[in-house]
Amino acid sequence: MTGSYDLLIVGVGGQGTILASNIIGEACLSEGRTVRSAETHGMSQRGGSVETHIRIDGKYGPLISPGTADLIISFDLLEAVRYSHFLKKGGVIVSGKDIVVPTSTFQQGLEVPSRESLEEMLSGTECYIIDAVSAALEAGNMLSQNIVMLGAASHPLPVKPGSLLEVVKKLVPPKTVEINSKAFEIGVREGKKQP
Amino acid sequence: MAVRYMLGNEAIAHACVEAGIDFASGYPGTPSSEVVDTLRRQKVRDFYIEWSVNEKVAFENALGAAWTGVRSLVTMKHVGLNVAADPLMTSAYTGVKGGFIILSADDPYAHSSQNEQDSRVYAHFARIPCLDPAGVQEAHDMMAAAFSLSEEFSLPVLFRPTTRVCHSKSDVELGEPADDRRKGIFEKDPKQYVVIPAHTRILHKKLNEKQAALAKRLVELGFNRYEIKGKTGIITSGIASEYVNEIVPGDVSVAKIGAYPIDEEWLAGFVSKHETILVVEECAPVVEEVVRQVACGTVVHGKKDGCVPYEGELDPASTAAAFEKAGIPYNGEFPEDISPAEGLPPRPPILCAGCGHRATFYAMKKVFGNKGIYPSDIGCYTLGLQLGAVDTTICMGASITIGSGISNAGDENPVVCTIGDSTFLHTGIQGLINAAYNGANMTVVILDNRITAMTGHQPNPNTGVTAMGDPSPAISLEALCRTCGVSFVETIDPYDYVTMIETFKRAKETAGVKVIISRQPCVIDARRRGIKRKHYFVDTETCTGCGVCVKYGCPAIEFIDGKASINSLCSGCGVCADICPQGAIRPEVKR
Ligand code: SF4
Ligand code: SF4
């Protein structure tokens with residue numbers, strides 16, 4: 001066996017999934033551990049569904065196979081369901097509670113699944129749903145939702161929260177260090193509240 | 001030595017700097033674009049870098065540089081290598097003086113490409129070495145070695161990472177940047193550089209004579225290596241070898257092919273010691289074909305007997321499935337029968353809010369209707385497929401040529417093709433010359449957002465800055481098109497819906513080749529340059545919920561409780577206000 005801790009970060013292009021994955025990668029490096037990741041690229045600016053695979057303590061290829069991920073961090077409830085088949089038995093999902101409605105639904109008149117039905121679809125797994133918007137607003141900026149999610153996911157993540165926070169401070173724009181540090185702490189608090 | 005968490009393409013670029021690169025050119029295309037993008041942003045080494053108009057041009061520029069004795073790199077993706085195939089074949093004959101690396105990134109699964117072709121086949125065809133890295137660290141280390149290999153054999157070296165190497169990240173150990181500089185000096189040697197038949201016949205023989213020593217050297221360098229553990233063996237290459245290492249049991253031998261040509265004697269030495277061999281590789285069965293040639297008495301499994309798929313990319317689970325089919329045990333558990341949740345609305349990539357392409361497509365369809373034939377090209381605007389305004393896409397520059405072919409074949413429906421500015425300069429222009437000269441009847445819409453947007457906003461000769469950000473006179477598309485022999489050349493603003501409709505109507509009524517240049521900077525680029533516009537909003541009193549604006553497909557327009565509504569993504573292009581039949585959409589006024 002590989003012994004790596006495998007996680008997926010998923011969301012919609014433009015939500016900051018890549019920054020979140022960079023923070024985890026750098027945090028691993030600061031702890032002297034190996035890490036491999038693979039991201040969908042190129043189309044990410046264009047509102048499509050995006051996924052990043054991360055393998056902490058990974059030594060082999062960056063790809064995670066369906067049914068084998070330890071953790072899924074999702075910035076959007078719909079995307080959490082879309083990628084939930086990647087989770088292994090006993091794995092954990094940490095998801096934002098909101099949905100960015102896909103434009104395709106308006107153009108093609110498709111039904112948008114309700115939040116309740118999506119939560120229902122996730123009910124078989126250990127799933128923490130975070131109100132990232134309120135938490136980000138509490139921190140002082142809507143745009144810090146990705147850092148909130150990272151804080152919330154720091155409970156299952158096998159990386160020290162302190163290492164993550166140090167990298168957050170290093171990687172976010174200098175002007176936003178304070179807001180993002182706060183967002184991280186609020187995320188940690190919100191993650192802890194979960195059952 | 002420093003350890004950094006880096007993208008494969010960044011690590012490759014860093015390795016070039018360590019190897020003392022002096023010249024880099026390329027045409028952007030995912031998954032290779034970040035190599036030159038990283039080189040042009042780095043500050044440690046000062047050398048010549050350009051984005052060229054197409055891969056053939058980029059190739060020939062870098063080849064010329066290598067002939068002067070400097071170390072040069074040309075980057076492209078697999079399909080771009082087709083464009084550069086002409087000089088590629090002959091450059092193997094002329095050889096090089098300074099190290100010359102052709103980076104051609106392959107895209108198994110066609111994540112963002114029109115096919116899944118295998119660049120290793122081109123290297124074999126041209127008889128030049130090919131290096132096939134398995135991960136980020138190896139891509140870095142191999143690139144550093146590639147320049148010396150190229151100089152040792154005076155041959156171009158094809159460097160072939162795949163998407164999962166280019167676009168994956170890993171902790172990677174870097175070396176020190178080189179500080180020596182070479183100055184290019186061309187020494188005349190017509191016997192080497194003028195490929196008239198008399199010279200070519202000799203050069204071809206010399207190229208063939210290099211092969212055996214080259215194959216041996218690749219083994220010596222450790223690019224091709226094996227370890228014998230039992231009677232069953234796996235032979236693998238590129239990133240597939242990572243998936244193999246992840247699941248292979250301790251008593252199964254593994255041979256890793258990291259470079260081509262493969263030394264057949266060496267390979268036979270491995271194969272003959274086993275009863276069963278499984279070949280695991282992505283794309284074409286390049287390794288498998290050689291293995292089958294040297295295997296006598298050993299059972300060989302791979303793509304040809306259906307154990308490994310011909311299409312798509314591999315991952316640990318599909319590699320385990322290949323082991324299972326070949327009757328070889330593996331480590332790890334990969335649950336079967338896993339299916340994704342059903343009934344979810346898809347979320348494909350779409351044109352951005354306020355993108356000028358969407359408005360152009362919309363107006364174009366309004367005028368030319370469902371009978372219009374819409375050949376298109378390679379770029380963001382291929383997403384016009386979702387608006388029903390893209391009927392064909394085959395390769396860079398082919399919208400105009402396919403369109404003129406359809407028109408000259410006698411189809412009487414209006415032919416309206418779309419092509420981006422970068423693609424037009426890449427290979428569209430030749431098609432325009434041809435269409436105008438040969439009397440096609442068609443409208444060519446140049447979707448001019450002044451940048452190569454899809455691959456990450458690289459400048460082109462229409463942008464007005466070079467790769468290094470130095471200002472340079474932008475070419476005039478209008479003058480260029482007129483010079484090609486087109487008299488109907490009109491420029492429109494895609495945010496001006498009324499004029500757009502009027503111009504398309506005039507084009508429809510005019511015979512011959514018409515060019516309409518629809519110009520508005522890419523919204524992402526405009527935002528970065530600080531251009532701000534007022535947001536728009538829907539007056540819910542006036543809105544009847546007819547849905548016209550929602551069908552337009554701007555991601556900023558939503559439908560909530562039977563009425564339209566505009567969200568924060570709005571970039572203020574104002575086109576929805578023009579198409580709303582009720583006049584319910586208006587710019588926001590700040591009080
Ligand atoms: S003005 Fe209308 S079409 Fe333009 S970006 Fe805003 S919502 Fe979209
Ligand atoms: S086009 Fe105008 S009237 Fe129709 S739904 Fe959109 S805003 Fe409402």
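**Exercise 1. Sort the lining of the second largest pocket by residue class, then find out which parts of the chains build it.**

Step 1. In this predicted model, the lining of the second largest pocket sorts into 15 nonpolar, 13 polar and eight charged residues.

Step 2. Next comes the space inside: the second largest pocket holds about 1000 Å³. Its lining counts 36 residues, and those closest to the centre are A:Thr40, A:Glu51, B:Tyr109, B:His111 and B:Arg164.

Step 3. Now look for the elements behind the lining. Two or more residues each come from strand S3 (49-56) of chain A and from helix H8 (163-166) and helix H14 (316-325) of chain B. With four residues, S3(A) provides the largest share.

**Exercise 2. Which strands pair with S3(A), and is S3(A) largely enclosed or open?**

Step 1. Begin with strand S1 (residues 5-12) of chain A, which runs antiparallel to S3(A) and is joined to it by eight bridges. To check this on screen, pick A:Val12: its bridge partner in S3(A) is A:Ser49.

Step 2. Then take strand S2 (residues 35-39) of chain A, also antiparallel to S3(A), with five bridges between them. Here A:Arg36 has A:Arg55 as its bridge partner in S3(A).

Step 3. Finish with burial. Of the eight residues of S3(A), seven are buried, so the strand is largely enclosed by the rest of the structure.

**Exercise 3. Work out why B:Cys283 forms no disulfide, and describe its surroundings.**

Step 1. Recall the chemistry: a disulfide is a covalent bond between the sulfur atoms of two cysteines. The cut-off used here is 2.5 Å between the sulfur atoms.

Step 2. Apply the cut-off. The closest cysteine sulfur to that of B:Cys283 belongs to B:Cys130 and lies 11 Å away, so the two are too far apart for a bond. Over all chains, the disulfide count is zero.

Step 3. Place the residue. B:Cys283 sits in the loop between strand S13 (276-280) and helix H13 (286-294) of chain B, and it is buried at 6% relative accessibility.

Step 4. Check the backbone too. Most residues other than glycine have a negative phi. B:Cys283, however, has a positive phi, near 65°.

**Exercise 4. Find another non-glycine residue with a positive phi, and two cis peptide bonds, in chain B.**

Step 1. For the positive phi, go to B:Asp337, where the value is near 55°. This residue belongs to the loop between H14 and helix H15 (356-368) of chain B. B:Asp337 is exposed, with 77% relative accessible area.

Step 2. For one cis bond, look at B:Thr30 to B:Pro31, where omega is near 10°. B:Pro31 is in the loop between strand S2 (23-26) and helix H2 (34-41) of chain B. At 2% relative accessible area, B:Pro31 is buried. Its C-alpha atom is 9.3 Å from that of B:Ser104, which is 73 residues away along the chain.

Step 3. The other cis bond runs from B:Tyr260 to B:Pro261, with omega near 5°. B:Pro261 falls in the loop between strand S12 (259-260) and helix H12 (264-271) of chain B.

**Exercise 5. Which residues come nearest to ligand 1 and to ligand 2?**

Step 1. Around ligand 1 there are 14 residues, and B:Cys554, B:Cys570, B:Cys573, B:Gly574 and B:Cys576 come nearest. By class, this shell has 10 nonpolar, four polar and no charged residues. One of the nearest, B:Cys576, is buried at 8% relative accessibility.

Step 2. Around ligand 2 there are 13 residues, with B:Cys543, B:Cys546, B:Gly547, B:Cys549 and B:Cys580 nearest. This shell consists of nine nonpolar, four polar and no charged residues.

**Exercise 6. Describe the largest cavity and what surrounds it.**

Step 1. Start with the count: the structure has five cavities of 30 Å³ or more. The largest cavity encloses about 150 Å³.

Step 2. List the neighbours. Its lining has 19 residues, and B:Cys355, B:Gly356, B:His357, B:Asn449 and B:Cys522 lie nearest the centre.

Step 3. Trace the elements. At least two lining residues come from each of H15, strand S16 (442-448) and helix H20 (523-528) of chain B; H15(B) contributes the most, three residues.

Step 4. Classify the lining: 11 nonpolar, six polar and two charged residues.

Methods. Residues are numbered from 1 along each chain as its sequence is written. Chains are lettered from A and ligands numbered from 1 in the order in which they are written. This is a predicted model: local features need pLDDT of at least 70, side-chain atom pairs count only at pLDDT 80 or more; totals for chains, interfaces and linings use all residues. Side-chain values use heavy atoms; hydrogens and water are left out. Buried means under 20% relative accessible area, exposed over 50%, partly exposed in between (1.4 Å probe, protein chains only). A residue is near a molecule or strand if one of its heavy atoms lies within 4 Å of it. Ala, Val, Leu, Ile, Met, Phe, Trp, Tyr, Cys and Pro count as nonpolar, Asp, Glu, Lys and Arg as charged, and the others, Gly among them, as polar. On a 1 Å grid over the protein atoms alone, a cavity is a set of points where a 1.4 Å probe fits but cannot get out, and a pocket is an open set with protein on both sides within 12 Å along at least five of seven lines; lining residues have an atom within 4 Å of a point. Grid points are joined across faces, edges and corners, and a volume is the space filled by probe spheres set on the points. Two strands pair if DSSP finds at least two bridges between them.
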